[in-house]
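Here are some short exercises to work through with the model in view. Try each task yourself before reading its solution.

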Amino acid sequence: MNKVINSKMYDTATAELIKKVFSGPIDDPDVITDALYRKKNGEFFYCVCPDDPDDPTSYSIIPCCEDDAKLWVEENCSGDKYVELFGEVEE
């Protein structure tokens, strides 16, 4: 899935997948709620998955700033993943 937004390419095939968040069983690809990706240049974006996963036009790609990505990772990932992406934090 890719999309050009503000003259920038966002492509789930070439970006690093940080994590997918599921609304149901993990082995069912139709229940993905959203996913966070990081581009090679360090920019983050969300891919919000559709009601109809067979329709590529129903996917939404949403660029996000690093602060929003940090909040998303805090809510959806382990502390180790946060440190891996953004560096050490205070204890």
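**Exercise 1.** In this predicted model, decide whether Lys 81 is buried or exposed.

*Solution.* Start with the relative accessibility of Lys 81, which is 19%. Residues under 20% are classed as buried, so Lys 81 counts as buried. Next, place the residue: Lys 81 belongs to helix 2, which covers residues 79–86. Finally, look for its contacts, skipping neighbours within four places in sequence: Lys 81 touches Glu 16 and Ile 18.

**Exercise 2.** Find out which residues of helix 1 are buried, and work out how they are arranged around its axis.

*Solution.* Helix 1 spans residues 66–76, and its buried residues are Ala 69, Trp 72 and Val 73. Now look down the axis of helix 1: these buried residues fall within an arc of 100°, so they line one face of the helix. A general rule helps here: an α-helix has 3.6 residues a turn, so residues three or four places apart point the same way. To finish, turn to the other side of helix 1, where Asp 67 and Glu 75 are exposed.

**Exercise 3.** Describe how strand 5 is covered and how it pairs with strand 6.

*Solution.* Strand 5 runs over residues 44–48, and because four of its five residues are buried, it is largely enclosed by the rest of the structure. For the pairing, follow strand 5 alongside strand 6 (residues 60–64): the two are antiparallel, with five bridges. As one example, Val 48 has Ser 60 in strand 6 as its bridge partner.

**Exercise 4.** The structure has five salt bridges. Trace those that involve Glu 43, and then examine the pair Lys 70 and Glu 66.

*Solution.* First, the side chain of Glu 43 forms a salt bridge with that of Lys 8, at 3.5 Å from N to O. This pair joins distant parts of the chain: Glu 43 sits in the loop between strand 4 and strand 5, while Lys 8 is in strand 2, 35 residues apart. Second, Lys 39 also makes a salt bridge with Glu 43, with the closest N and O atoms 3.5 Å apart. Compare the accessibilities: Lys 39 is buried at 14%, whereas Glu 43 is partly exposed at 23% and Lys 8 is partly exposed at 38%.

Third, Lys 70 and Glu 66 meet at 3.6 Å, N to O. Both lie in helix 1, four residues apart, about one turn of the helix. Back with the earlier trio, shared partners join Lys 8, Lys 39 and Glu 43 into one salt-bridge network.

Terms used: Residues numbered from 1 in each chain as written. Predicted model: local features only at pLDDT ≥ 70, side-chain atom pairs only at ≥ 80, totals over all residues. Heavy atoms only, no water. Buried < 20%, exposed > 50% of the residue type's maximum accessible area, 1.4 Å probe, protein only. Contact = heavy atoms within 4.5 Å. Pairing = 2+ DSSP bridges. Arc of directions from axis to C-beta. Salt bridge = Lys/Arg side-chain N within 4 Å of Asp/Glu carboxyl O.
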